[in-house]
Amino acid sequence: MLTQAQEKSVSKLMTLILRHDPVSFGIVLDPEDGSCPIDELLRAVQAQPRWSGIKQEDVEQVVRNSDKQRFELIQDRIRARYGHSFSKIQYKAAEPPALLYHGTNKGALAAIWKKGLLPMGRQYVHLSEGTHFATLAGSRRGELVILEVNTDGAKESGVSFYYAGNEVWLADRIPPECCTVTDAGQKGGDRS
Ligand code: HQG
């Protein structure tokens, strides 16, 4: 059984492997769904001296307790649900709710009004059905701003949406005219 601090640390290592740099850990992710066999991930984690004693049930604990449900177990395979920079996971296009949220920061707004929301270092723009996830994402860099995204407008501009699970939606880009600032951030970003 891992402590909360250990869970966080293993989770960070797992996101590094499954989202960003599988190659450095000797792992090949499935090019379609981004998964790998859970025993391969386990061996990669065990190869780190600090985690040589880790067991599969510990990895399953991390998956279960992840506050943002970052990982998904599919039988004997595991993948990160979202957040990838390394490989472009093929998600199925899906019909999003009329409104989605994106958490960002004041410093990024000028560029967003010019170019819209772009994936930046990741493969997709990350959006959420409620403001809770957007608040967590946007609070990481400076003053939080929550944008409301008009998905019908974006679809009219040819944007496809993909569902990553746990209320998280992905898109290749969002045009600036489909974004408006909400005051949800100022209200404390209540879970909705
Ligand atoms: C901003 C983490 C300038 C965008 C988070 C964001 C989330 C622009 C930053 C998940 C821009 C990219 C994803 C433009 C967008 N010009 N800045 N045109 N378009 N941006 O981390 O959405 O805890 O790559 O607003 O919490 O913040 O790791 O994306 O501020 O859930 O599981 O550029 O990753 O989850 O930042 O975060 P990121 P994100 P985990």
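Domain bounds here come from an automatic or database domain assignment. For this protein, a predicted model, that assignment gives domain 1 (4–80) and domain 2 (99–188). Contact between the two takes four residues from domain 1 and four residues from domain 2. Their C-alpha centres lie 27 Å apart.

**The pocket between the domains**

Where does the largest pocket lie? Domain 1 (4–80) and domain 2 (99–188) both give residues to its lining, so it lies between them. The volume of this pocket is about 1200 Å³, and 43 residues line it. If you want a place to centre a view, K68, R122, A137, R140 and R141 are the lining residues nearest the pocket's centre.

Several elements give two or more residues to that lining: α1, α3, β4 (99–105), α4 (109–115), β5 and α5 (131–138). Helix α1 gives the most, with seven residues.

**The cavity**

Besides that open space, the structure holds one cavity of 30 Å³ or more. Its volume is about 40 Å³, and the residues around it are Y82, G83, H84, Y91, Q123, Y124, H126 and L170. Here are the two spaces, with their linings split by class:

| Space | Volume | Nonpolar | Polar | Charged |
|---|---|---|---|---|
| Largest pocket | about 1200 Å³ | 17 residues | 15 residues | eleven residues |
| Largest cavity | about 40 Å³ | four residues | four residues | no residues |

So much for the numbers; now for the elements around these spaces.

**Strand β5 and its partner**

Strand β5 has a hand in both linings: it gives two or more residues to the pocket, and H126, one of the cavity-lining residues, sits in β5 (residues 125–128). In a regular strand the side chains alternate between the two faces of the sheet. In β5, V125 and L127 are on one side, with H126 and S128 on the other. Are these four buried or exposed? All of them are buried, which leaves both faces of the strand covered.

Strand β8 (residues 168–171) runs antiparallel to β5, and four bridges join the two. Which residue of β8 is the bridge partner of H126? That is L170, and L170 is also among the residues lining the cavity.

**Helix α3**

Back in domain 1 (4–80), helix α3 (residues 56–65) has D58, V59, Q61, V62 and V63 buried. These buried residues pack against two helices, α1 (4–20) and α2 (38–46), and two strands, β2 (71–74) and β3 (77–80). Both α1 and α3 also turn up in the lining of the largest pocket.

Technical notes. Residues are numbered from 1 along each chain as its sequence is written. This is a predicted model: local features need pLDDT of at least 70, side-chain atom pairs count only at pLDDT 80 or more; totals for chains, interfaces and linings use all residues. Side-chain values use heavy atoms; hydrogens and water are left out. Buried means under 20% relative accessible area, exposed over 50%, partly exposed in between (1.4 Å probe, protein chains only). Two strands pair if DSSP finds at least two bridges between them. On a 1 Å grid over the protein atoms alone, a cavity is a set of points where a 1.4 Å probe fits but cannot get out, and a pocket is an open set with protein on both sides within 12 Å along at least five of seven lines; lining residues have an atom within 4 Å of a point. Grid points are joined across faces, edges and corners, and a volume is the space filled by probe spheres set on the points. Ala, Val, Leu, Ile, Met, Phe, Trp, Tyr, Cys and Pro count as nonpolar, Asp, Glu, Lys and Arg as charged, and the others, Gly among them, as polar. Contact means heavy atoms within 4.5 Å.
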